[in-house]
Amino acid sequence: MIAIYARVSTEEQAKNGYSLQDQIRACRKLANSDDVIEYVDEGISGELLDRPQLSLLRKAVSEGIITKVICLDPDRLSRKLMNQLIISEEIEKKAELVFVNGEYNQTAEGKLFYQLRGAISEFEKAKINERMSRGRTEKARQGKVVRDYSIYGYSYDANSQQLVID
């Protein structure tokens with residue numbers, strides 16, 4: 001049986017984005033089969049190892065149900081190199097692991113490139129977090145509401161980007 005694993009990091013991407021559908025379509029095209037099980041984690045960070053659908057996939061692989069796993073890119077498995085290596089090694093013990101975006105041969109060079117891609121993904125995630133944090137901090141310095149949380153007794157004015165006593 002072939003498995004497809006897809007993931008997006010934020011709830012916003014899961015609700016309003018198109019990335020999941022695109023990931024699944026690309027993986028299904030590579031699978032070239034209708035005999036596919038989809039494992040999709042919506043709105044869960046790639047830094048976390050404990051994801052509901054990933055856990056189900058790992059269990060199915062360990063039980064021998066899955067013989068091939070297709071994923072768009074290694075950073076969909078994880079944005080943390082250590083976790084990416086754990087997951088891929090675990091899968092490759094029992095099944096074939098294939099990526100739509102890139103081929104990583106089981107050679108010294110192929111493994112090095114795979115690890116470099118994982119390290120770059122982890123760096124990229126750290127830089128995204130750093131930039132977002134800087135932006136939220138500056139917004140707060142300007143007296144603006146950082147997030148639109150509903151606070152009892154207040155409403156949010158989108159024009160002024162501030163809380164208003166209700």
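**Notes on the predicted model: salt bridges, a pocket and a few odd spots**

1. Let's start with a contact between helices. The side chains of E90 and R58 form a salt bridge, with 2.6 Å from N to O. E90 sits in helix 5 and R58 in helix 3 (residues 52-62), so this pair ties together parts that lie 32 residues apart in sequence. Keep in mind that this is a predicted model, so please read everything below as computed from it.

2. How covered are the two partners? R58 counts as buried, at 18% relative accessibility. E90, in contrast, counts as partly exposed, at 30%. The cut-off for buried is under 20% relative accessible area, so R58 at 18% falls on the buried side.

3. How many salt bridges are there by this rule? The count comes to 11. I'll go through a few of them here rather than the full list.

4. Helix 6 (108-141) has a nice little set around E130. The E130 side chain meets that of K127 in a salt bridge at 2.9 Å, N to O, and it also meets the side chain of R134 in a salt bridge at 3.3 Å, N to O. E130 and K127 are both in helix 6, 3 residues apart, which is about one turn of the helix. E130 and R134 are both in helix 6 too, 4 residues apart, again about one turn.

5. On exposure for that set: E130 is partly exposed, with a relative accessible area of 38%. K127 is partly exposed as well, with a value of 24%.

6. There is also a salt-bridge network worth clicking through. D75, R76, R79 and E124 are the residues it links. Of these, R76 belongs to helix 4 (residues 74-77). R76 is buried, its relative accessible area being 11%. If you want to place R76 against the pair from point 1, the C-alpha atoms of R76 and E90 are separated by 16 Å, with their positions 14 residues apart along the chain.

7. Next, the second largest pocket. It holds about 380 Å³ of space. Of the 17 residues lining this pocket, E92, L97, Y104, Q106 and Y114 are the closest to its centre. Which elements each give at least two residues to the lining? They are helix 5 (81-94), strand 4 (96-99) and helix 6 (108-141).

8. What is the chemical make-up of that pocket's lining? By class, it has 6 nonpolar, 6 polar and 5 charged residues. One thing to watch when you count for yourself: Tyr is classed as nonpolar and Gly as polar.

9. Now for the surface. L112, F113, L116 and I120 make up a nonpolar patch there, and together they have about 400 Å² of accessible area. F113 is located in helix 6. F113 is partly exposed, at a relative accessible area of 44%. Residues enter a patch with over 30% relative accessible area, so F113 at 44% clears that bar.

10. Two glycines in helix 6 deserve a look. Is G118 buried or exposed? G118, which is in helix 6, counts as buried, at 0% relative accessibility. G135 is placed in helix 6 as well, but G135 counts as partly exposed, at 41% relative accessibility.

11. Some distances to go with those glycines, all C-alpha to C-alpha. G118 and E138 are 31 Å apart in space and 20 residues apart in sequence. For G135 and L54, the spacing is 31 Å in space and 81 residues in sequence.

12. Last, a backbone point. The phi angle of N32 is near 50°, a positive value in a residue that is not glycine. Where is N32 found? N32 lies in the loop between helix 2 (19-31) and strand 2 (36-42). N32 counts as exposed, at 68% relative accessibility. The cut-off for exposed is over 50%, so 68% puts N32 in that class.

Note on methods:
Residues numbered from 1 in each chain as written. Predicted model: local features only at pLDDT ≥ 70, side-chain atom pairs only at ≥ 80, totals over all residues. Heavy atoms only, no water. 1 Å grid on protein atoms, 1.4 Å probe; cavity = no way out; pocket = protein on both sides within 12 Å on 5 of 7 lines; lining within 4 Å. Points joined across faces, edges and corners; volume = space filled by probe spheres on them. Patch = residues over 30% accessible without salt bridge, like charges linked within 9 Å, V, L, I, M, F, W, Y side chains within 5 Å. Areas by Shrake-Rupley, 256 points an atom, 1.4 Å probe, with all protein chains shown as cover. Salt bridge = Lys/Arg side-chain N within 4 Å of Asp/Glu carboxyl O. Buried < 20%, exposed > 50% of the residue type's maximum accessible area, 1.4 Å probe, protein only.
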